[in-house]
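Trainee: I would like to go through this model term by term. Can we set each label against its definition?

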Amino acid sequence: MTPPSHGQHDMSIMQNDQMPEFIQKLKGEFCLQLINAVNDLVIILDTDRRILFANKNAMSMFQTTCEDIAERRIGEMLGCIHSTLHPDGCGATRFCDKCGAFHTIKKALTGACSKEECRILRKNGNIYEALDFLVSTTPICIGETSILVVALTDISSEKRRRVLERTFFHDVLNTAGGVCGLTEYLVDVAPPQIHPDLLVIHEALNDLVEEINAQKELIAAEDSDLSLQFSSISPSTLLDYAKKTYERHPVAEGKHIICDNACTACIIESDEPLLRRIMGNMVKNALEASSLGDSIVVGCRTEPQHAIFFVNNPNVMSEDVQLQVFKRSFTTKGSGRGLGTYAIKLFTESYLGGTAWFTSEPETGTTFFARIPNKLSENHTA
């Protein structure tokens with residue numbers, strides 16, 4: 001089949017003399033033009049779950065025509081392999097009970113809006129195709145007539161990406177961690193004269209594992225799938241860790257990290273790995289923004305209910321940069337970067353119940369802050 005043309009008169013609607021009056025009314029109210037402007041696949045159903053019309057994206061994706069989809073059901077339009085197993089078609093088989101699209105349509109028939117993921121297996125010639133959609137169904141009344149508006153968002157690529165990410169992180173972390181453990185063993189058994197070289201290799205592998213874990217945590221945070229680990233934390237110990245970790249980092253070459261000793265002794269209850277990640281991002285960002293010979297300052301101030309961690313560097317950001325800080329993938333350091341300040345904001349505010357901000361003035365340079373509650377409620381979720 002060839003997809004319909006998308007000219008001015010390309011309206012995916014049944015064309016016959018008995019077209020219901022309410023469909024004509026929809027057409028007169030620019031409904032078709034509106035749904036054709038939407039990127040999702042939009043399908044309009046009657047209360048018998050039969051297709052009245054669809055937008056051009058749905059027609060194009062499945063290379064069908066308005067005549068082919070008229071009065072069919074969604075599973076039949078999508079080519080679901082189960083839709084032909086029963087004389088009554090889509091919705092009549094035991095497989096349909098597991099279909100997210102069928103669930104949302106049933107709920108909409110009771111008057112409720114609904115959204116679920118839907119997995120479809122279709123056969124295109126001799127090739128099986130797996131489709132994944134996020135299906136949103138909304139009941140609408142036009143006069144005394146009810147219709148269902150079904151929007152399908154294709155999430156197949158996102159699903160495949162997540163599977164690849166999980167496999168990648170699992171396999172690569174196992175491999176990198178194994179090699180890192182091997183170098184640690186070699187340090188103990190190798191001749192003393194090669195110890196310095198082995199230590200350099202071991203530290204580099206530790207850095208590699210940390211970078212992989214950082215990306216893994218960021219993706220988990222964006223998917224609202226990051227688990228928190230509560231523990232008692234000393235801010236001064238956290239600052240010392242950040243200083244020692246980044247003093248040997250390549251980005252710190254020719255620069256200095258100073259710990260502000262004004263931090264008062266206190267203990268906070270929070271997620272230490274996540275706080276280390278936040279501090280690490282702030283320190284690395286400050287070092288990258290600094291020049292040779294510059295010093296950056298890491299410190300902490302305490303309030304009755306909060307600890308405020310900060311990292312200062314002597315340079316000032318331009319107004320253009322300041323307006324885009326914390327945006328995902330914005331960077332001044334080249335393509336493929338720009339997740340550092342975004343991660344600071346995401347981890348601090350979405351997971352640790354705090355606030356992240358910055359100041360950048362000629363008199364004081366640029367300072368990033370992360371204000372963290374002294375005790376994070378275990379009920380706090382992203």
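Mentor: What follows takes confidence, then the two sheets, then a helix pair and one residue. This is a predicted model, where local features need pLDDT of at least 70, side-chain atom pairs count only at pLDDT 80 or more, and totals for chains, interfaces and linings use all residues. Residues are numbered from 1 along each chain as its sequence is written, and side-chain values use heavy atoms, leaving out hydrogens and water.

Trainee: What pLDDT does the protein chain average?

Mentor: The chain averages 81, on a scale of the predictor's confidence in each residue from 0 to 100. At least 70 is reached by 86% of the residues. Over residues 1-19 the pLDDT is below 50, yet that stretch has 36 contacts beyond near neighbours in sequence. Contact means heavy atoms within 4.5 Å. Residues 334-338 also stay under 50, with eight contacts beyond four places in sequence. Where pLDDT is low, the predicted coordinates should not be read in detail.

Trainee: What makes β7 and β11 edge strands?

Mentor: Each pairs on one side only. Pairing requires that DSSP finds at least two bridges between two strands. Strands (E, at least two residues) and helices (H or I, at least four) are DSSP runs, numbered from the N terminus. The open sheet runs β7-β9-β10-β12-β11, with mixed pairing. β7 covers 256-259 and β11 covers 355-361. From one strand to the next, the twist averages 15°.

Trainee: How do you know that β9 and β10 pair?

Mentor: Six bridges join β9 (residues 295-302) to β10 (residues 306-313), in the antiparallel sense. The cut-off is at least two, so the pair qualifies. Cys300 has Phe309 in β10 as its bridge partner.

Trainee: Which helices pack on this sheet?

Mentor: Helix α10 (residues 272-289) touches β7, β9, β10 and β12. Its direction makes about 20° with that of β10. Helix α12 (residues 340-351) touches β11 and β12, at about 140° to β11. Such angles run from 0 to 180 degrees between N-to-C directions, with axes as lines fitted to C-alpha atoms, for helices over the stretch in contact.

Trainee: Why is α7 called roughly antiparallel to α8?

Mentor: α7 (residues 156-189) and α8 (residues 195-222) pack at about 160°, their axes 9 Å apart. Under 35 degrees counts as roughly parallel, over 145 as roughly antiparallel, 65 to 115 as roughly perpendicular and the rest as oblique. The angle is over 145, so α7 is roughly antiparallel to α8. By class, their contact has 16 nonpolar, seven polar and three charged residues. Ala, Val, Leu, Ile, Met, Phe, Trp, Tyr, Cys and Pro count as nonpolar, Asp, Glu, Lys and Arg as charged, and the others, Gly among them, as polar.

Trainee: What is the strand order of the antiparallel sheet?

Mentor: The order is β2-β1-β5-β4-β3, again an open sheet of five strands. Its edge strands are β2 (51-54) and β3 (114-124). Ten bridges join β4 (residues 127-142) to β5 (residues 145-154). Cys141 has Ser146 in β5 as its bridge partner. α7 lies across β3, β4 and β5, at about 130° to β4.

Trainee: Which residues does Tyr128 contact, leaving aside neighbours within four places in sequence?

Mentor: Tyr128 lies in β4. Tyr128 is in contact with Ile81, Leu121, Arg122 and Lys123, those neighbours left aside. Ile81 is 47 residues from Tyr128 in sequence, and 9.3 Å away, C-alpha to C-alpha.
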